[in-house]
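Q: Could you walk me through this one? I'd like to start with a loop and then wander around a bit.
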Amino acid sequence: MSQPQTNAALHVVVGSKNPVKVNAAKNAISMLYPDHQITCEGMHAPSGVAEQPMTSEETRIGAINRVNYCQANAKADFYVAMEGGVDKFEYGPATFAYIVIANHERESIGRGAIMPIPVSVYQALVNGEELGPLMDTLFNTKNVKQKGGAIGLLTNGNATREGNYTHAMVLAMAPFLHPDLYPVNPKKTLLLG
């Protein structure tokens, strides 16, 4: 009788210790590599941007900075960062997240779905508040950013921050799943701070 083969292992480092982000990364990688043993760990990785990013560009740069930090300070098969931010678009203010995934050959940048936020919430953010604590105050919750997030609260639990991150990460993984279709571009290192 032959011995069962052990599954290949993939180690993922996430640029945050927030369990929502770590779980989203593990869920996405597990979905895409079902025959692999996945280990996923979070590490504190500075974003180099404001605690509450207020533009798309600042949010994207924060995610890139977190991945760069992880690559410089840990050994892994994949490095992942998810940075939530807000911006005011022509149709109104919204929240979203940038996802950056890298390995030793390539980097992929994606963005999760956007969700409209109330103008009053956006104005409070402009005045220096952070979305998670602000939503805790509005909805009488505690530490919602490590749970369903503003997405969960504003959709009555029909969508979650983790679900949005997981979906965005699966989409951003396309260049890793089909590397022959995505030529490797030299990585651009963007640091802000």
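Q: Where is Lys145 found?
A: Lys145 is in the loop between H4 and H5. Helices here are DSSP runs of H or I with at least four residues, strands are runs of E with at least two, and both are numbered from the N terminus. Bear in mind that this is a predicted model: local features need pLDDT of at least 70, side-chain atom pairs count only at pLDDT 80 or more, and totals for chains, interfaces and linings use all residues. Residues are numbered from 1 along each chain as its sequence is written, and side-chain values use heavy atoms, with hydrogens and water left out.

Q: What does Lys145 touch?
A: Not counting residues up to four places away in sequence, Lys145 touches Asn18, Val20, Glu51, Glu130, Gly132 and Arg161. A contact here means heavy atoms within 4.5 Å.

Q: And why does Lys145 count as partly exposed?
A: Because its relative accessibility is 26%. Buried means under 20% relative accessible area, exposed means over 50%, and partly exposed is in between (1.4 Å probe, protein chains only).

Q: Which other residue of that loop has something to show in its backbone?
A: Asn140, whose phi is near 55°, a positive value in a residue other than glycine. Asn140 comes just after H4, in the loop between H4 and H5. Most residues other than glycine have a negative phi.

Q: Is Asn140 buried or exposed?
A: Asn140 is exposed, with a relative accessible area of 73%.

Q: Where else is there a positive phi in a residue other than glycine?
A: At Asn156, with phi near 55°. Asn156 sits in the loop between H5 and helix H6 (161-172). Asn156 counts as exposed because its relative accessibility is 71%.

Q: Back to H4, then. Which of its residues are buried?
A: In H4 (residues 131-139), the buried residues are Leu131, Gly132, Leu134, Met135 and Asp136. Their cover includes strand S4 (92-102), helix H3 (119-126) and helix H5 (149-154).

Q: Which residues make the nonpolar surface patch with Leu154?
A: Leu138 and Phe139 join Leu154 in a patch of about 250 Å². Patch members have over 30% relative accessible area and no salt bridge; nonpolar side chains (Val, Leu, Ile, Met, Phe, Trp, Tyr) are joined within 5 Å, and like charges within 9 Å. The areas come from the Shrake-Rupley method with a 1.4 Å probe, and for residues only the protein chains shown count as cover. Leu154 lies in helix H5 and counts as partly exposed because its relative accessibility is 31%.

Q: New topic: how many salt bridges does a search of the whole structure find?
A: One. Arg66 pairs with Glu83, with the closest N and O atoms 2.4 Å apart. The pair links distant parts of the chain, since Arg66 is in helix H2 and Glu83 is in strand S3 (residues 78-89), 17 residues apart. The rule for a salt bridge is a side-chain nitrogen of Lys or Arg within 4 Å of a carboxyl oxygen of Asp or Glu.

Q: Are those two buried or exposed?
A: Arg66 is buried, with a relative accessible area of 14%, and Glu83 is buried too, at 3%.

Q: What is Ser47 in contact with?
A: Leaving aside neighbours within four places in sequence, Ser47 contacts Ile61, Gly62, Asn65, Arg66 and Glu83. So Ser47 meets both salt-bridge partners. Ser47 is in the loop between strand S2 (36-42) and helix H2 (56-73), and at 8% relative accessibility Ser47 counts as buried.

Q: How many residues are in the largest nonpolar core?
A: It has 24 residues, and those with the most contacts inside it are Val12, Ile29, Phe78, Ile101 and Met169. Strand S1 (8-14), helix H1 (19-32), S2, S3, S4 and H6 each give two or more residues to this core, and H1 gives the most, with six. A nonpolar core is a set of buried Ala, Val, Leu, Ile, Met, Phe, Trp, Tyr and Cys residues joined through side-chain atoms within 4.5 Å.

Q: And how confident is the predictor, on the whole?
A: The mean pLDDT, the predictor's confidence in each residue from 0 to 100, is 91, and 92% of residues reach 70 or more. Confidence is lowest in H5, at a mean of 88, and highest in H2, at 98. Over residues 1-5 the pLDDT is below 50, and this stretch has zero contacts beyond near neighbours in sequence.
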